[in-house]
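The report below describes one molecular structure for a reader who is new to the subject. Please keep the sequence and the model in view while reading.

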Amino acid sequence: MKITLSVIKADIGGYVGHSESHPDIIAKAAECLAKAKKDGLLIDCQATKCGDDLQLIMTHQKGTGSYEIHKLAWDTFVTGTELAKKMKLYGAGQDLLADAFSGNIRGMGPGVAEMEFEERPAEPVLIFMADKTAAGAWNMPLYKMFADPFNTIGLVIAANMHNGFTFEVHDVKEHKKTSLNAPDEIYDMLVLIGSPSRFVVKAVYHRDNGEIAAASSTERLHETAGKYVGKDDPVCIVRSQGIFPAVGEVLEPFAAPILVEGWMRGSHMGPLMPVSVPDSTPSRFDGPPRVICLGYQLCDGKLVGPRDMFADIAFDPARHQANEMADMMRRHGPFEPHRKPLEEMEYTTMPEVMAKLKGRFKDLD
Ligand code: F6R
Ligand code: MG
Ligand code: MG
């Protein structure tokens with residue numbers, strides 16, 4: 001049975017500030033989705049949150065990029081925004097950049113990760129959702145899952161993964177894409193994806209059969225809007241077990257926290273901390289950036305779950321380490337590498353400061 005799994009998210013209002021989503025907004029979204037399920041558009045659906053982002057998790061048979069599904073998501077965000085405005089939540093409707101839906105939600109503000117596949121006899125899927133960071137945050141975890149044998153021993157000892165995976169990489173600045181094969185092309189690939197503010201892993205495919213293994217959202221809100229409007233706060237879907245990395249291999253990259261862009265005012269580098277859904281409440285310096293993971297078994301498109309995958313004491317050391325990394329980065333205050341390079345910051349006063357100081361700059365001797 002061919003199933004499409006769509007995860008579409010938007011920040012339509014924060015509670016309090018940018019730290020969390022209000023339960024009434026999630027309930028309202030769940031209501032909109034339930035109606036679409038009753039009407040037969042969706043097979044199954046759940047609404048959840050990661051920090052201030054509302055997350056719509058939907059299964060259906062309409063394929064990726066479906067007008068009806070994207071319209072449902074857009075209408076749900078609009079309905080949620082009305083409620084957010086009524087409650088005077090913070091930044092109500094902040095990610096809805098267009099006045100009206102125009103065919104495909106991509107480029108209109110919300111983030112989208114979708115994949116269509118033939119459901120296997122048992123189909124474990126893992127949905128990662130992050131807050132206070134950007135799409136490139138998945139680059140290293142996806143590389144580790146699908147190309148690094150020190151993370152995924154299956155690449156070495158499981159015959160059905162031994163030929164590796166193909167990575168679809170997007171250049172989000174030049175709006176171009178390419179594909180690179182692991183393991184043979186990893187050095188070339190790392191030149192690109194090691195720079196996650198420009199090159200982003202969009203999808204991963206099994207090399208033997210072309211089966212989709214992972215899909216991420218790559219929207220960059222500030223580039224869509226032409227100015228800072230909020231963080232991209234990405235999502236990513238990963239299929240697991242059998243011909244794909246095991247659940248433990250998929251989760252393992254998050255046991256060693258890395259620094260990602262985002263955090264306060266989208267202008268800093270901070271540790272990506274794996275947390276349970278209830279702990280996705282970025283409050284310290286609006287962070288540190290958080291990642292949650294919901295696991296499901298699909299059953300003819302039904303979402304059997306979720307399991308809150310990072311609600312596991314095995315990730316306690318990662319959380320502890322992330323908090324120590326946060327202290328270390330915070331110590332730098334407005335200095336790099338905590339603060340992002342001048343041209344990368346989402347907020348900047350540089351033009352005004354330079355204008356004010358014009359005339360006070362003298363040539364060097
Ligand atoms: C980062 C984020 C927050 C805000 C910050 C200032 O993604 O959402 O850190 O950038 O709280 O928010 P405003 O400008 O809305 O006061
Ligand atoms: Mg927000
Ligand atoms: Mg957010």
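In this predicted model, a polar atom in the side chain of His 18 lies 3.1 Å from an oxygen atom of ligand 1. Two tyrosines make contacts of this kind with ligand 1 as well, and the table sets the three side by side.

| Residue | Distance from a side-chain N or O atom to an oxygen atom of ligand 1 |
|---|---|
| His 18 | 3.1 Å |
| Tyr 90 | 2.8 Å |
| Tyr 347 | 2.3 Å |

When ligand 1 is taken alone, it exposes 410 Å², and the protein buries 80% of that area. Eleven residues surround ligand 1, and the closest of them are His 18, Tyr 90, Arg 265, Asp 286 and Tyr 347. Sorted by class, this shell is made up of five nonpolar, two polar and four charged residues.

His 18 also takes part in binding a metal. Which protein residues are the donors of the magnesium ion called ligand 2? They are Asp 11 through an OD atom, His 18 through ND1 and Asp 52 through an OD atom, and they lie 1.9 to 2.2 Å from the ion. Along the chain, the donors of this magnesium ion (ligand 2) follow the spacing D-x6-H-x33-D. The pair of His 18 and Asp 52 links distant parts of the chain, since His 18 sits in the loop between β1 (2-10) and α1 (23-38), while Asp 52 sits in the loop between β2 (44-50) and β3 (53-60), 34 residues apart. Are these two residues buried or exposed, or does one of them fall in between? His 18 has a relative accessibility of 25% and therefore counts as partly exposed, because the class in between runs from 20% to 50%. Asp 52, with a relative accessible area of 2%, is buried.

The second magnesium ion, ligand 3, has as its protein donors Asp 52, Asp 53, Asp 131 and Asp 233, each through an OD atom, at 2.0 to 2.5 Å from the ion. In sequence, the donor residues of ligand 3 are spaced D-D-x77-D-x101-D. Asp 131 belongs to strand β5 (residues 123-131) and Asp 233 to the loop between α6 (221-225) and β10 (235-239), so this pair ties together parts that are 102 residues apart in sequence. Both Asp 131 and Asp 233 are buried. How far apart are the two magnesium ions, ligand 3 and ligand 2, and which residue coordinates both? They are 4.7 Å apart, and Asp 52 is the residue that coordinates both.

Turning from these sites to the fold, one can begin with a single residue of strand β1, namely Ile 3. Ile 3 is buried, with a relative accessible area of 0%. Although Ile 3 and His 60 are 57 residues apart along the chain, their C-alpha atoms are separated by 6.0 Å.

The chain as a whole contains nine helices and 15 strands. Its radius of gyration is 20 Å, close to the 21 Å that the globule rule gives for 365 residues, so the chain is as compact as a globular protein of that length. Along its principal axes, the C-alpha trace spans about 70 × 50 × 40 Å. Of the 365 residues in the chain, 55% are buried.

Notes:
Residues are numbered from 1 along each chain as its sequence is written. Chains are lettered from A and ligands numbered from 1 in the order in which they are written. Side-chain values use heavy atoms; hydrogens and water are left out. A residue is near a molecule or strand if one of its heavy atoms lies within 4 Å of it. A polar contact is a pair of N or O atoms within 3.5 Å; within protein, one must be able to donate a hydrogen and the other to accept it, and residues adjacent in sequence count only if both atoms are side-chain atoms. Accessible areas come from the Shrake-Rupley method with a 1.4 Å probe; for residues, only the protein chains shown count as cover. Ala, Val, Leu, Ile, Met, Phe, Trp, Tyr, Cys and Pro count as nonpolar, Asp, Glu, Lys and Arg as charged, and the others, Gly among them, as polar. Donors are N, O and S atoms within 2.8 Å of the metal (3.2 Å for Na, K and Ca); water is not among the atoms, so sites may look incomplete. Helices (H or I, at least four residues) and strands (E, at least two) are DSSP runs, numbered from the N terminus. Buried means under 20% relative accessible area, exposed over 50%, partly exposed in between (1.4 Å probe, protein chains only). The radius of gyration is taken over C-alpha atoms; the globule rule is 2.2 Å times the number of residues to the power 0.38.
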